[in-house]
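Visitor: Could you take me closely through one part of this model, the strand that carries a branching set of charged contacts, and show how its surroundings fit together? I would like the reasoning spelled out with its cut-offs where they matter.

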Amino acid sequence: MTSTSVTCPYCTTSVSLDLSESYEPMFQVCPDCGRRFIVERTAGGVRALREKDAPCLSNPDCREVEMSGSCEE
């Protein structure tokens, strides 16, 4: 685990968090405004995204659906 901080993309509050070694995006809730945003590791550090602005593979909910595949024959 790595400790770091990011800026909430809604209210610009600094939010401390622990990141796993995985590069998978995760949700974080801002302690000040209470809104949920996405945090993901990048090659250059960490970025915070609003849910509506994030591409599908950066959104954990959408990513799960996209990566699950299908049983098409």
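Guide: A residue counts as buried when its relative accessible area is under 20%, as exposed when that area is over 50%, and as partly exposed in between. By that cut-off E40 is buried, because its relative accessible area is 9%. The model is a predicted one, and what follows is read from its computed geometry.

The strand to look at is β4, which spans residues 36-42. Three strands form an open sheet in the order β3-β4-β5, and their pairing is antiparallel. β3 (26-29) and β5 (45-50) are the edge strands, each with a single partner, so one side of each has no neighbour in the sheet. From one strand to the next the twist averages 40°. In general, the strands of a sheet pair through backbone hydrogen bonds, in either a parallel or an antiparallel manner.

Between β4 and β5, which run antiparallel, there are 6 bridges, and the hairpin that joins these two strands passes through 2 residues. Within this pairing, I38 stands opposite L49 of β5, while V39 has A48 of β5 as its bridge partner.

The charged side chains come next. The salt bridges number 3, and one of them pairs R47 with E40, with the closest N and O atoms 2.5 Å apart. Here the buried E40, at 9%, meets an R47 that counts as partly exposed because its relative accessibility is 36%.

R36 takes part in a branching arrangement, since R36, E51 and D61 are linked in a network of salt bridges. In the pair of R36 with E51, the closest N and O atoms are 3.0 Å apart. R36 belongs to strand β4 and E51 to the loop between β5 and α1 (60-67), so this pair ties together parts that are 15 residues apart in sequence. In the pair of D61 with R36, the corresponding separation of the closest N and O atoms is 3.5 Å. Because D61 lies in helix α1 and R36 in strand β4, this pair ties together parts that are 25 residues apart in sequence. Each member of the network is partly exposed: R36 has a relative accessibility of 35%, E51 has a relative accessible area of 24%, and for D61 that area is 45%.

β4 also contributes to the nonpolar interior. The largest nonpolar core has 8 residues, namely V6, C8, V15, L17, L19, C30, F37 and V39. The elements that give two or more residues to this core are β2 and β4, and β2 supplies the largest share, 3 residues. As a general tendency, nonpolar side chains in soluble globular proteins are buried together. Leaving aside residues up to four places away in sequence, F37 touches core members including V6, C8, V15 and C30, and its contacts also include A48 and L49, the residues that face V39 and I38 across the strand pairing.

One further residue shares some of these contacts. T13 lies in the loop between β1 (2-7) and β2 (14-19), and is buried because its relative accessible area is 17%. Among the residues T13 touches, beyond those up to four places away in sequence, are V6, C8 and C30. The side chain of T13 also makes a polar contact with the side chain of D32, at 2.9 Å.

Conventions. Residues are numbered from 1 along each chain as its sequence is written. This is a predicted model: local features need pLDDT of at least 70, side-chain atom pairs count only at pLDDT 80 or more; totals for chains, interfaces and linings use all residues. Side-chain values use heavy atoms; hydrogens and water are left out. Helices (H or I, at least four residues) and strands (E, at least two) are DSSP runs, numbered from the N terminus. Buried means under 20% relative accessible area, exposed over 50%, partly exposed in between (1.4 Å probe, protein chains only). A polar contact is a pair of N or O atoms within 3.5 Å; within protein, one must be able to donate a hydrogen and the other to accept it, and residues adjacent in sequence count only if both atoms are side-chain atoms. Contact means heavy atoms within 4.5 Å. A nonpolar core is a set of buried Ala, Val, Leu, Ile, Met, Phe, Trp, Tyr and Cys residues joined through side-chain atoms within 4.5 Å. Two strands pair if DSSP finds at least two bridges between them. Axes are lines fitted to C-alpha atoms, for helices over the stretch in contact, and angles run from 0 to 180 degrees between N-to-C directions. A salt bridge is a side-chain nitrogen of Lys or Arg within 4 Å of a carboxyl oxygen of Asp or Glu.
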